[in-house]
Amino acid sequence: YFHVYLNTLRANLGDPAVVIDAQQVEDTAGILRRLRGADGLVALRVVAVIRDTAIDDAAQAAARIVDHLTGVAMHRAILHAPDDRFAGDQLAIHVTRHWYQHCYDDHIHGATRSRHPLAEVTDGQEREVANVLSHGEVRRIIGADGIPLVTAQGTTLTRLDRDLAAGLAGLVSPLTDVEHHTDPGMSLRNRVTRTWAELGNDERNDWLHRVGVHHVPASTGWSELPGQAQSDIIRLYLDSHRPDQVATPFSGGRIDGDPRGAAATMFSHTTPLGAHDVAIAVPANEPTLPGGDLLATSMGRPLSGAYRHTER
């Protein structure tokens, strides 16, 4: 039990761990049979039940650790951006606090392998936070489900991105070249025939091959294509020319109102980070800077950039 528990906990917390596999179950069952003369099937069941129990206990322990560290992030975010920082600019104070919490949680969930594939903090988010601090307008960058709305490249996250991250198959089409995307306002017939006319012979051959048509020359005009080939190519076109496959520059929705609530909404946090919202106590050994500002990190690294690189 201890062997399985310890190594499962290590794996859940991102530390080097021994893989608990079927071979270890069989080896342990063999040891029980030799020591106790137990029936082989009974020993195997006992070992399997103990393994499952230890794995479940370790998973719950890791979840409690992550929950505790999430609470720590909220406290430290307030300590690193106290009420007198930024000359008392409430918007900058609260956005910085929530950015710290967001980065801290990102690191914890990354280390414990409990992060959604799309939730990692990126340069795209950093740029958006910097824009908010520069222009004084709060804009949402994290959706209500906790998933970022902006990609690392600064474009809008699409449903296709989310489905790909979820591991759904058959989503990546062979034809995503923006050069061949047409005005979605055109009729479907005009969009398909115009695209077919603009394709070179190699691209036409590729399309024909993908729909299973091998005996039609690439130079064939659209109207001369067999009816079934036209239907299959139209289906291929619809699969590969959806509007959400074209990168759209990100522009987060503006959030008005109280800086405390607006900053929380920006990052989809449920709790504002005010001194009255989260009870905090300054540790006696917490180093401070002149003017009452707390040192940005316990290692003495100052805040920089858009405050992404604070201690997480």
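In this predicted model, helix H4 passes helix H10 in a right-handed crossing. H4 covers residues 90–111, while H10 takes in residues 259–266. Their axes run 9 Å apart and meet at an angle of about 30°. Since angles under 35 degrees count as roughly parallel, H4 is therefore roughly parallel to H10. On the H4 side, the contact draws on Gln90, Leu91, His94, Val95 and His98; H10 brings in Pro259, Arg260, Ala263, Ala264 and Met266. Sorted by class, the residues of this contact come out as six nonpolar, three polar and one charged.

H4 also packs against helix H3, which spans residues 40–80. Here the axes are again 9 Å apart, but the angle is about 150°. With anything over 145 degrees counted as roughly antiparallel, H3 and H4 are therefore roughly antiparallel to each other. The crossing of this pair is right-handed. From H3, the residues involved are Val66, Leu69, Thr70, Val72, Ala73, Met74, Arg76, Ala77, Ile78 and His80. They meet Arg97, Tyr100, Gln101, Tyr104, Asp105, Ile108 and His109 of H4. The tally for the contact of H3 with H4 is ten nonpolar, four polar and three charged residues.

Then there is helix H5, made up of residues 123–135. It packs with H4 at an angle of about 165°, and the two axes lie 10 Å apart. H4 and H5 are therefore roughly antiparallel to each other as well. In this case, though, H4 makes a left-handed crossing. Ala92, Val95, Thr96, Trp99 and His102 are the H4 residues that meet H5, and their partners in H5 are Gln125, Glu126, Val129, Val132 and Leu133. This contact of H4 with H5 has six nonpolar, three polar and one charged residues. Val95 of H4 turns up here and also in the contact with H10.

Turning to the aromatic side chains, a search of the whole structure picks up five aromatic pairs. Trp196, Trp207 and Trp222 are joined by ring pairs into a cluster. Elsewhere, a charged side chain sits over a ring: Arg85 lies over the face of Phe86, at 5.5 Å from the ring centre.

Taken together, H4 has three helix partners described here: H3, H10 and H5. The H3 and H5 pairings are roughly antiparallel, whereas the pairing with H10 is roughly parallel. As for handedness, H4 crosses H3 and H10 in a right-handed way, and H5 in a left-handed one.

Terms used:
Residues are numbered from 1 along each chain as its sequence is written. This is a predicted model: local features need pLDDT of at least 70, side-chain atom pairs count only at pLDDT 80 or more; totals for chains, interfaces and linings use all residues. Side-chain values use heavy atoms; hydrogens and water are left out. Rings of Phe, Tyr and Trp (its six-membered ring) pair if their centres lie within 6.5 Å; planes under 30 degrees apart count as stacked, over 60 as edge-to-face and the rest as tilted. A charge sits over a ring if NZ of Lys or CZ of Arg is within 6 Å of the ring centre and within 35 degrees of the ring normal. Axes are lines fitted to C-alpha atoms, for helices over the stretch in contact, and angles run from 0 to 180 degrees between N-to-C directions. Helices (H or I, at least four residues) and strands (E, at least two) are DSSP runs, numbered from the N terminus. Angles under 35 degrees count as roughly parallel, over 145 as roughly antiparallel, 65 to 115 as roughly perpendicular and the rest as oblique. A crossing is left-handed if the near helix is turned anticlockwise from the far one by less than a right angle, and right-handed if clockwise. Contact means heavy atoms within 4.5 Å. Ala, Val, Leu, Ile, Met, Phe, Trp, Tyr, Cys and Pro count as nonpolar, Asp, Glu, Lys and Arg as charged, and the others, Gly among them, as polar.
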